[in-house]
Amino acid sequence: MGVTTQTGAVILAQQSIAPPPIHYSAIAPVLIVLGAACLAVLVEAFVPRRLRWSVQVGLSLCTLVAAGAWLVVYARGEPMGLTTLADTLAIDTPTLFLWGTLLVLGLASILLIADRSVEPGGAFVAESSAAPSPSPRAASGGSTGGTATSIAPAPTPAPARATASVAEMRTEVFPLGLFSLGGMMVFCAANDLLTMFIALEALSLPLYVMCGLARRRRLLSQEAAVKYFLLGAFASAFFLYGLALLYGYAGSVELSAIADATAGSLRSDTLLFAGLGLLVVGLLFKGSVGPFHMWTPDVYHGAPTAVTGFMAACTKVAAFGAILRVLHVAFEASSWEWHWVLWTVAVVSMVIGAVLGLTQSDIKRMVAYSSIAHAGFLLIGAITLTDEGLSATLFYLLAYGVTTIAVFGVISLVRTSEGEATHLSAWSGLAKRSPLIAWVFTFLLLALAGIPLTSGFMGKFVVFSAALTAGMAPLVVIALVASAVAAFFYLRVIVLMHFNEPAPDGPTVSVPGAFTTAAITLGVVVTLLLGVLPTPVLDWASVGGFVS
Amino acid sequence: MTLLLALILLPLAGAVVVALLRGNERAAKFAALAFSLVELVLAAVAWIVYDPAGPRLQLTSSVEWIPAFDIRLSFGVDGIALVMVAVIALLTPLVLGFSWRERIPTGRTHGGFFSLLLVQQALTVAVFATTDVFVFYVLFELMLIPMYFLIGGYGGPQRQYAAVKFFLYSFLGGLIMLASVIGAYAYAARATGQGTFDWARLTQILGDAPLGVQVWIFLGFFLAFAIKAPLVPLHTWLPDAAEQAPIGVAVIVVGVLDKVGTFGFLRYSLPLAPDASQVLAPLVLVLAVLGVLYGSLQAFGQVDLKRLIAYVSIAHFGFIALGIFAFTSQAQIGSASYMVNHSIATGMLVLVIGMIIARGGSTRIDDYGGMAQVTPLLGGMLLVAGLSTLSLPGTNSFISEFLVLIGSFATRPVYTVLATLGMVLAAVYVFRLYQRVMQGPVSGNALIGAAGGPGAATDPNLLARGAENASGGAYRAGIGDLDAREIAVLAPLVVLVIVLGFYPEPMLEVITPSVEATMSEIGVTDPVTSQGGN
């Protein structure tokens, strides 16, 4: 008891001597997002149910725009990189770029999540406690017993739809999304490992819940949530264990202190590399880099499509933001000892993504494997450890995120009466039914494949040229071959859409609501602009390195 | 805006106009034809304006695109690029004319088809015209997209397979080339402190690069161009693409698109990696000779008319590659002019075969026989195209093939002798084709079917008139000889075959300075100076 009081007094005394300065203007975007998330919880509690959706959507969009506006104003003052909150957060150029990326992607995701016209009542479950009852299972068409029951409601689809639209979607998804986004912003700004861990949990926990909220295919969705949660918990444990070992090695959790410790000390290399390995495993898991990708296809497949878009784009940005910072700041000096490991990981990720992507018959799983391949490309940029590599990776993250969200936006539009038609066979002949959507999707797929004049190509180009300059020619060649292999499965979808006859009982393309239209338009325009006129964004991404 | 930019932008504008008009088939067709004819006039003007004695690159223009990497939208032509641009400008209206009445798959329109063809034309002109290595790569890949939709959307029954195969092959090659493009940039950045993609500067910088660097850069470019050209082990996409593509598109594929590969050898592989290309020349020469022999033998064995042309082209690309990598100016001039003459000869052959197929409805050689009795004019055209293909003296290809062989013999006698066998084989497959399709008694399912029953086949006159007297006009079409449209399509090619056969000077005049500049960039002189009298 006495000891506790004593330590408490010591801490108090230290605080009274040197209160850590806080640069409120620098961290305002995070504060806005997290503050709005708290507000959104209150909205959930006190605002009448019929108003909640509009209030939540308005609040979320205003938050993101306000945070973005603040960020722009702050960044235009050309601030010096600084650390704040007792050096736990580093607000430097990469942080600002990543925050901007996250806010743009978050905005697009919220737009997708908010859409209620494609799926009447929204894509999210009306009662989050709703167990997978027989009728939703029948709707998923997943069980043989369900096939018989699914025939029964078919003659009277109109009343069924009516009841579906009466049940308003639950709106917890908005505060959850904001909390997660806030966590991501802290994650890629965290300057010590403990802050990074807390941010990791703050971004992950809401995501686990969001994955389980799909209105259709409840079982798949809940399975995805459980799988993501369990594997995510493992990854967090790895991260934490690595953190502990590194603390044992360096005597500090600050990245700069670890960097100092690695520079020519006689400490235990075992602690260092075991710690680094475990830490990186946790980070690679979040970035869905192979071979730590096991959750990706299932979760992408099961989660509501809008959430998948959010997860695919924003989580990847946050995870690679953190990977970049950890590698650049803390482990640059020891890079010649570990870079072979990450070379291998990058190759494995590209090969797994490209090769297994070929065998997929579900479009969401296909995009999941594509994201694993892209994670490999991103990792190449991350392990160059040069300023060009840094800015190239940042550019790639923005380009990839925007395209991916638009891809999931389009996927959410192609539906049968039973929900989204994600099986590839359902996409055949889409160009005959709805040419505009087919061409938009073709463009996005070409961007993922890395065809010139799209952002995907510019991203690959800058990453590969940075890697080649850094002397990683073999990795670049493997990456190029992997790109060519991956191009096959994108092409396959293009062939299906354009050159095949439509299936007689094929899906219809819903007329997108204003929100989805906005998200897809944003994605397509940015994808094109970054491909044709990449200069401004390249300049923003390349004005400086990390501070610590 | 320079003339060259106009040559690139005009077909693009045309494509937009035609796409907008596609509801009205007639208007769309005439608009496309008009744009392609204006393009042809512009190309002729460019030819006149071009000064063979002037600087290496002419009609230049340059706009900044991505300053972070010193990427500029630079365009300019040398003699080789100019003649290729002229060939594209010539072939496109002919292809449009040929495709005027092509059957288009249901749900698609002539407007869409012609619009894609014009996009293809614009991108191909731009590929030949750009002088920025990065922009070249971008266009090299972009060029695939309209072609992919042309084959996949308008082709034969296996069109999806052919389109995807075509795309993936070229895309893979392009990506490997991208590694070399970036590698060249990275080397320039390291050597001079300032990376660049400008072709002329890269040529200077890389000319002094160590062999190890050059070899990798050479191999990246080589793979892309060897797939495009195509050289033998990498050729398998071409027969499929040529077989499944509509005839008009096949003309563009073998006539123009493939030339990007051989053009790339001359413009990029040799100057960017001069030492490596001489060290690795035997590799290319082996593949080239292999291509000549393998292509000729395969052509001999084909049962499908369109696949036959593909293999003929593969054999000819072997000749072109042989000439380029023989490193004498004679051989290279031969190769550069062969690129043009092959486009004319093979383009004509494809068109004539397309006209045969349009009459018989079958692509199998077995389905035809004795056609010359019914359609003498068409038979004559096949003979002209065939003779030009086998490089008979007096036709355009002869002079090129002769230059290639005589120029290559000076440095590479063994390869040259082996390749000469290809000339013999060419005579065999061309005459065999002509004999089986045109000569002998009228026979073959396609002809008999088209003419309206077995009774018609016995009487050539009946066949020609389409059995109108036999059943009172029930069989309306029959098998007619060439109509005015088809004559208009073939006439310019016939004229060129003969004129360039006897008077190739205008073309050689334009090509020669550029080839000699290439030779001096590589740092090679002709082995026997007395021969360099071209």
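**Exercise 1. A helix in chain B**

Which residues of H10(B) are buried? Work this out in the predicted model, then explain what the result says about the helix.

*Solution.*
Step 1. Use the cut-off for burial: a residue is buried if 20 or more other C-beta atoms lie within 10 Å of its own.
Step 2. Go along the helix. Trp237(B), Leu238(B), Pro239(B), Asp240(B), Ala241(B), Ala242(B), Glu243(B) and Gln244(B) are buried.
Step 3. Draw the conclusion. Because 8 of the 8 residues of helix H10 (residues 237-244) of chain B are buried, the helix is largely enclosed by the rest of the structure.
Step 4. Look for the cover. The buried residues of H10(B) are covered by elements including helix H6 (144-154), helix H7 (159-192), H11 and helix H15 (305-324) of chain B.

**Exercise 2. Two domains in one chain**

Describe how domain 1 of chain B touches domain 2 of chain B.

*Solution.*
Step 1. Find the bounds. In the domain assignment of chain B, domain 1 covers 1-279 and domain 2 covers 340-534.
Step 2. Place the domains relative to each other. Taken over C-alpha atoms, their centres are 25 Å apart.
Step 3. Count the contact residues. Domain 1 of chain B brings 28 residues and domain 2 of chain B brings 23 residues.
Step 4. Name the elements on the domain 1 side. Helix H3 (79-98), helix H11 (247-257) and helix H12 (259-272) of chain B each give two or more residues. H3(B) gives the most, with 10 residues.
Step 5. Sort that side by class: it has 21 nonpolar, 4 polar and 3 charged residues.

Now set a record beside the model. An unreviewed UniProt entry places the feature "domain: NADH:quinone oxidoreductase/Mrp antiporter transmembrane" at residues 131-423 of chain B. In the model, this span is 82% helix and 0% strand, and its end C-alpha atoms lie 35 Å apart.

**Exercise 3. A hairpin in chain B**

How many bridges join strand S1 to strand S2 of chain B?

*Solution.*
Step 1. Locate the strands: S1 of chain B spans residues 58-66 and S2 of chain B spans residues 71-77.
Step 2. Count the links. The two strands run antiparallel and are joined by 6 bridges.
Step 3. Check one pair: Gln58(B) is opposite Val77(B) in S2(B).
Step 4. Turn to the loop. The hairpin has 4 residues between the strands, and Asp70(B) takes a positive phi near 55°.

**Exercise 4. Where the chains meet**

Which helix gives the most to the side of chain A that touches chain B?

*Solution.*
Step 1. Start with the whole contact, which takes 23 residues from chain A and 26 residues from chain B.
Step 2. List the elements of chain A that give two or more residues: helix H20 (455-469), helix H21 (473-499) and helix H23 (535-541).
Step 3. Pick the leading contributor. H21(A) gives the most, with 11 residues.
Step 4. Classify the chain A side: 16 nonpolar, 5 polar and 2 charged residues.

**Exercise 5. A sheet and a confidence check in chain A**

Which strands are the edge strands of the open sheet in chain A? Then check the confidence of the chain.

*Solution.*
Step 1. Read the order: 3 strands form the sheet as S4-S3-S5 (chain A), with antiparallel pairing.
Step 2. Find the edges. Strand S4 (419-420) and strand S5 (508-509) of chain A each pair on one side only.
Step 3. Follow one pairing. Strand S3 (residues 414-416) of chain A is joined to S5(A) by 2 bridges, and Val414(A) has Val509(A) as its bridge partner.
Step 4. Check confidence. Chain A averages a pLDDT of 85, and 89% of the residues score at least 70. Over residues 133-166 of chain A, though, pLDDT stays under 50.

Terms used: Residues are numbered from 1 along each chain as its sequence is written. Chains are lettered from A and ligands numbered from 1 in the order in which they are written. This is a predicted model: local features need pLDDT of at least 70, side-chain atom pairs count only at pLDDT 80 or more; totals for chains, interfaces and linings use all residues. Domain bounds come from an automatic or database domain assignment. Two residues are in contact if their C-beta atoms, placed from the backbone, lie within 7 Å. Ala, Val, Leu, Ile, Met, Phe, Trp, Tyr, Cys and Pro count as nonpolar, Asp, Glu, Lys and Arg as charged, and the others, Gly among them, as polar. UniProt positions are given in the numbering used here, feature names are shortened, and annotations may be inferred rather than shown by experiment. Two strands pair if DSSP finds at least two bridges between them. A residue is buried if 20 or more other C-beta atoms lie within 10 Å of its own, exposed if 12 or fewer, and partly exposed in between; C-beta atoms are placed from the backbone. pLDDT is the predictor's confidence in each residue, from 0 to 100.
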